[in-house]
Amino acid sequence: MTTLKSKLQEDLNTAIKERDELRSSTLRLTLAAITKEEVAGKEKRELSDEEVTKVITREAKKRREAADAFAQGGRTEQAEREKAEGEVLATYLPKQLSDDELRQIVAQAVEEAKAAGAEGPRAMGQVMKIVNPKVAGQAEGGRVAAVVKQLLAGG
């Protein structure tokens, strides 16, 4: 069992003992998603901490999107619940990069791509290949892509 997965399991047990309904239901759903990922494919396997982090990131993103959808639909109670679940999951994720830190990393990558001969909006793919390994788990793809587009457009 991976260390991150075992920490989730331990925290679930603690939440159940403390009767923390929000935390226990969130962790249950996340552990179910991890188990589903482990049994997907031809044979069962253990996920690495990196893969578990990706599952948690995906679950957190689902919570954010659901909170936005509920808020737009006027269902504030459900929106608050989804936000709270997202905050629980955020405690298990690496610290997210600030906008300035992300901008610096992307600016370096744009310079590298330009040095390799890539210019303008067509360089997007090359810049993303340079940036993604550096920011893995610390910034969402959509956020990274937006900054890359902005800097490639001369912003």
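**Figure 1. Packing of helix α3 against its neighbours in the predicted model.** The buried residues of α3 pack against three helices, namely α1 (3-17), α2 and α4 (76-90). These buried positions are V52, T53, V55, I56, E59, A60, R63 and A67. Helix α3 comprises residues 49-72, 24 residues in total. The distance from its first C-alpha to its last is 35 Å, close to the 34 Å expected at 1.5 Å a residue. Just after α3, G74 adopts a positive phi of about 80°.

**Figure 2. The buried and exposed faces of helix α1.** The buried residues of α1 are L4, K5, L8, D11, L12 and A15. They lie on the same side of α1, because the arc they cover around the axis is only 120°. An α-helix has 3.6 residues a turn, so residues three or four places apart point the same way. The buried residues of α1 pack against α2 and α3, whereas the face turned away from the buried side carries the exposed residues T3, E10 and K17. The end C-alpha atoms of α1 are 21 Å apart, in agreement with the 21 Å that its 15 residues should span at 1.5 Å a residue.

**Figure 3. R19 in the loop between α1 and α2.** R19 follows just after α1 and has a positive phi of about 60°. This positive value occurs in a residue other than glycine. R19 is classed as exposed because its relative accessible area is 74%, over the 50% cut-off.

**Figure 4. The surroundings of E38 in helix α2.** E38 has a relative accessible area of 1% and is therefore buried, the limit being under 20%. Apart from neighbours within four places in sequence, E38 is in contact with K5, E43, K44, R45, E46 and L47. One of these contacts, K5, is itself a buried residue of α1. Helix α2 (residues 21-39) is also where confidence in the chain is highest, at a mean pLDDT of 91.

**Figure 5. The largest nonpolar core and a second, separate core.** The largest nonpolar core has 20 residues, and those with the most contacts inside it are L102, V106, V127, V131, V135, V144 and V148. Helices α5 (99-115), α6 and α7 (141-152) each supply at least two residues of this core. A second, separate core of 15 residues includes L12, L27, V55 and A60. Of these, L12 is a buried residue of α1, while V55 and A60 are buried residues of α3.

**Figure 6. V131 and its contacts.** Not counting residues up to four places away in sequence, V131 touches I105, V106, A109 and V144. V106 and V144 are, like V131, among the residues with the most contacts inside the largest nonpolar core. Confidence in the chain is lowest in helix α6 (residues 124-135), at a mean pLDDT of 76. The chain as a whole averages a pLDDT of 83, and 95% of the residues score at least 70.

**Figure 7. E140 in the loop between α6 and α7.** E140 counts as partly exposed because its relative accessibility is 28%. Leaving aside neighbours within four places in sequence, E140 is in contact with K61, R64 and Q96. E140 and K54 are 86 residues apart in sequence, yet their C-alpha atoms are 11 Å apart in space.

Note on methods: Residues are numbered from 1 along each chain as its sequence is written. This is a predicted model: local features need pLDDT of at least 70, side-chain atom pairs count only at pLDDT 80 or more; totals for chains, interfaces and linings use all residues. Side-chain values use heavy atoms; hydrogens and water are left out. pLDDT is the predictor's confidence in each residue, from 0 to 100. Helices (H or I, at least four residues) and strands (E, at least two) are DSSP runs, numbered from the N terminus. A nonpolar core is a set of buried Ala, Val, Leu, Ile, Met, Phe, Trp, Tyr and Cys residues joined through side-chain atoms within 4.5 Å. Buried means under 20% relative accessible area, exposed over 50%, partly exposed in between (1.4 Å probe, protein chains only). Contact means heavy atoms within 4.5 Å. The expected span of a helix is 1.5 Å times one less than its number of residues. The arc is that of the directions from the helix axis to the C-beta atoms.
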